[in-house]
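Subject: Structure for your files

Dear colleague,

Please find below the structure I said I would pass on. My notes come after it.

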Amino acid sequence: MTEAPIRVFVVDDHEVVRLGLRAFLGATPGVELIGEAADGRTALQGLDALAERDALPDVVLMDLVMPEPDGVATTALVKRAHPAVDVVVVTSFGEAHRVHGALEAGATGYVLKD
């Protein structure tokens, strides 16, 4: 019996970053990209639509610096609406103060973009 893949939703306002993550995740065994969004509002709408189909991701990879709401606020809203979904912040090293805010908002952890 094979294990179900880890279902991932990517949120980043830079298309090139989403493209790179899409390629990386697509080449990673045991991982399935199930959605993406370029801003917090679209991410929340996409996650709500997935929830209606009982198809939420296991993990959201969340950029911090993006259009409203930003990654910290979006993380808090995701965790409030879908507490079982883990949020992992994907950030640049220079955003340490934002990472702390995201962790306080409920993010599980973070990875650096570089």
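What follows is a summary of the fold, then the cores, then some individual residues.

The model is predicted, and everything below should be read with that in mind.

Overall fold

The protein has 4 helices and 5 strands. They alternate along the sequence in the pattern β-α-β-α-β-α-β-α-β. For a chain of 114 residues, a compact globule would be expected to have a radius of gyration near 13 Å, and the value for this protein is 13 Å, so the two agree. The C-alpha trace spans about 45 × 30 × 20 Å along its principal axes.

Of the 114 residues, 39% count as buried. The protein exposes about 6,500 Å², and 57% of that area comes from carbon and sulfur atoms. Taking contacts between residues at least 6 apart in sequence, 64% join residues at least 24 apart. As for charge, there are 9 positive and 18 negative charges, and their mean positions are 3 Å apart.

Nonpolar cores

In soluble globular proteins, nonpolar side chains tend to be buried together. Here the largest nonpolar core has 14 residues, and those with the most contacts inside it are Phe-9, Val-11, Leu-47, Val-60, Met-62 and Val-78. Two or more residues of this core come from each of β1 (6–11), α2 (40–52) and β3 (59–63). The most is given by α2, with 4 residues.

Phe-9 shows how these parts meet. Beyond its neighbours within four places in sequence, Phe-9 is in contact with Gly-35, Glu-36 and Ala-37, with Ala-43, Gly-46, Leu-47 and Leu-50, and with Pro-57, Val-59, Val-60 and Leu-61. There is also a second, separate core of 8 residues, which includes Leu-21, Val-59, Leu-61 and Val-88.

Buried residues in loops and in a helix

His-82 is in the loop between α3 (71–81) and β4 (86–91). Its relative accessibility is 9%, so His-82 counts as buried, the cut-off being under 20%. Residues up to four places away in sequence aside, His-82 touches Leu-47, Asp-48, Ala-51 and Leu-56. Of these, Leu-47 was listed above among the residues with the most contacts inside the largest core.

Ala-107 is in the loop between α4 (96–104) and β5 (109–112). Ala-107 also has 9% relative accessibility and therefore counts as buried. With residues up to four places away in sequence left out, Ala-107 touches Thr-75, Val-87, Val-89 and Ala-102. Ala-107 and Ala-76 are 31 residues apart in sequence, and their C-alpha atoms are 8.0 Å apart in space.

Thr-74 is in helix α3. Its relative accessible area is 0%, so Thr-74 is buried. Apart from neighbours within four places in sequence, Thr-74 is in contact with Gly-40, Leu-44, Met-62, Met-66 and Pro-69. The C-alpha atoms of Thr-74 and Ala-37, 37 residues apart along the chain, are separated by 12 Å.

Backbone points to check

Most residues other than glycine have a negative phi, and most peptide bonds are trans. Two places in this model depart from that.

One is the peptide bond between Glu-68 and Pro-69, which is cis, with omega about -15 degrees. Pro-69 is in the loop between β3 and α3, and is one of the residues in contact with Thr-74.

The other is Asp-54, a residue other than glycine with a positive phi, near 55 degrees. Asp-54 is in the loop between α2 and β3. At 75% relative accessibility, Asp-54 counts as exposed.

Strand β2

Glu-32 is in strand β2 (residues 31–37). Its relative accessibility is 33%, so Glu-32 counts as partly exposed. Not counting neighbours within four places in sequence, Glu-32 is in contact with Pro-5, Ile-6, Arg-7 and Val-8. The C-alpha atoms of Glu-32 and Ala-4, 28 residues apart along the chain, are separated by 9.3 Å.

Regards

Methods:
Residues numbered from 1 in each chain as written. Predicted model: local features only at pLDDT ≥ 70, side-chain atom pairs only at ≥ 80, totals over all residues. Heavy atoms only, no water. Rg over C-alpha atoms; globule rule 2.2 N^0.38 Å. Buried < 20%, exposed > 50% of the residue type's maximum accessible area, 1.4 Å probe, protein only. Contact = heavy atoms within 4.5 Å. Areas by Shrake-Rupley, 256 points an atom, 1.4 Å probe, with all protein chains shown as cover. Lys, Arg positive; Asp, Glu negative; His and termini not counted. Charge placed at Lys NZ, Arg CZ, Asp CG, Glu CD. Core = buried A, V, L, I, M, F, W, Y, C linked by side-chain atoms within 4.5 Å.
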